Amino acid sequence: MNDAPFRQTVSRWVASEAYRRLQPTAGDADGSIRAQARAAGLRLVSNPALEERYATCVPLVPFKAAAGAFGEPQIIANDGDFEWVAVESRRRLAPGMFVAQVVGQSMEPVIPDGAWCLFRAPVEGTRQGKTVLVQLSDSIDPETGQRYTVKRYESRKAQAGDSWHHMRVTLKPANPAFEPLVLVGAEEGELHVIARVLEVLQDQRSDG
């Protein structure tokens, strides 16, 4: 008997349970995210001056907070509620950018498990082919058990009169060991595309 498929299924379930249980609760999320960011070599900036914000540093935001944090014009409504982290990037920082941690193996090797990434909200222009942070309303990411997932966005649309609607939205992992999340007949209310992944941040600790 070839039990490889069974072992693979069990391994994925165990990984999903581990990630679910390791997710911080609302009460300890802030302390946990600070400790994890420091351990990864990110440099936190306490109460940066206004001219430093979105110039040399951006907010450090948990996914759950990112879902409702951004208003118009493309800034975090209460950015004083978050830690700030210094970002060394070739990109010019701008309002709407933030740093968050991506947990899970489904986007490896493009985004390593536990990597800290630079995001930008909202997603401007087409979402097609972009790696995005999505909030799901009626389903969960089977890997992490969460309603927040980072995947490559692909959609098929059909025209109905003067408007277009989604026939199928596919959230594709980079890792071929994981199945895509497919939403058939997905309406806008079924998923909320929060932000786009701009780049994976490297460990910023000096060798000295």
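# A tour from Tyr 54 outward

Start by selecting Tyr 54, which sits in the loop between E1 and E2. This is a predicted model, and Tyr 54 is a good place to check backbone angles. Its phi is near 65 degrees, a positive value in a residue other than glycine. Tyr 54 is also buried, at 12% relative accessibility.

Stay in that loop and pick Asn 47, found between strand E1 (44–45) and strand E2 (57–60). Asn 47 has a positive phi too, near 45 degrees. Buried or exposed, though, for Asn 47? Exposed: the relative accessible area of Asn 47 is 67%. Most residues other than glycine have a negative phi, and most peptide bonds are trans.

**Zoom out for a moment**

Switch to cartoon and color by secondary structure. You should find three helices and ten strands. Trace the chain from its start and the order reads α-α-β-β-α-β-β-β-β-β-β-β-β. The chain has 208 residues, and 41% of them count as buried. Turn on the surface and you are looking at about 12,000 Å² of accessible area, with 49% of that belonging to carbon and sulfur atoms. As for how the chain meets itself, take the contacts with a separation of 6 or more: 61% of them are between residues 24 or more positions apart.

**Two cis prolines**

Back to the backbone. Select Glu 108 and Pro 109: the peptide bond joining them is cis, with omega at about 5 degrees. Pro 109 belongs to the loop between E4 and E5. Then jump to Ala 121 and Pro 122, where another cis peptide bond has omega at about -10 degrees. Pro 122 is in the loop between E5 and E6.

**Around Ser 106**

Now go to Ser 106, in the loop between E4 and strand E5 (115–120). Ser 106 counts as buried, with 5% relative accessibility. What does Ser 106 touch, leaving aside residues up to four places away in sequence? Show Glu 143, Lys 151, Pro 173, Ala 174, Asn 175 and Phe 178. With Lys 151 there is a side-chain to side-chain polar contact, at 3.1 Å.

From there, hop to Glu 143, in the loop between strand E6 (131–136) and strand E7 (148–160). Glu 143 is buried and yet has no salt bridge. Draw a distance to Lys 151, the nearest side chain of opposite charge, and you get 4.9 Å; a salt bridge here needs nitrogen and oxygen within 4 Å. What Glu 143 does have close at hand is a backbone: a polar atom of its side chain lies 2.5 Å from the backbone nitrogen of Gln 105.

One more stop from Ser 106 is Glu 179, in the loop between strand E8 (163–172) and strand E9 (181–184). Glu 179 and Ser 106 are 73 residues apart along the chain, but their C-alpha atoms are separated by 8.6 Å. Glu 179 counts as exposed, at 57% relative accessibility.

**Salt bridges**

Side chains of opposite charge can pair when their charged atoms come close. How many salt bridges does a search of the whole structure find? Five.

Select Glu 83 and Arg 34, whose side chains form a salt bridge at 3.5 Å, N to O. Glu 83 is in strand E3 (residues 83–86) and Arg 34 in helix H2 (residues 29–39), so this pair ties together parts 49 residues apart in sequence. Both ends are partly exposed: Glu 83 has a relative accessible area of 23%, and Arg 34 comes in at 27%.

Next, select Arg 91 and Glu 199, paired at 3.2 Å, N to O. This salt bridge links distant parts of the chain, 108 residues apart: Arg 91 is in the loop between E3 and strand E4 (97–102), and Glu 199 is in strand E10 (residues 191–200). Arg 91 is partly exposed at 40%, as is Glu 199 at 22%.

Then show Arg 152 with Glu 154, a salt bridge at 3.8 Å, N to O. Add Lys 172 to the selection: salt bridges that share partners join Arg 152, Glu 154 and Lys 172 into one network. Arg 152 is partly exposed at 40% relative accessibility, and Glu 154 is partly exposed at 23%.

**Last stop: the cysteines**

Finish with Cys 57 and Cys 117. Cys 57 is buried, with a relative accessible area of 1%, and Cys 117 is buried at 0%. Look for disulfides and you will come up empty, since the structure holds zero.

Note on methods. Residues numbered from 1 in each chain as written. Predicted model: local features only at pLDDT ≥ 70, side-chain atom pairs only at ≥ 80, totals over all residues. Heavy atoms only, no water. Helix = DSSP H or I, 4+ residues; strand = E, 2+ residues; numbered from the N terminus. Buried < 20%, exposed > 50% of the residue type's maximum accessible area, 1.4 Å probe, protein only. Lys, Arg positive; Asp, Glu negative; His and termini not counted. Polar contact = N/O pair within 3.5 Å; in protein donor to acceptor, adjacent residues only side chain to side chain. Disulfide = S-S within 2.5 Å. Contact = heavy atoms within 4.5 Å. Areas by Shrake-Rupley, 256 points an atom, 1.4 Å probe, with all protein chains shown as cover.
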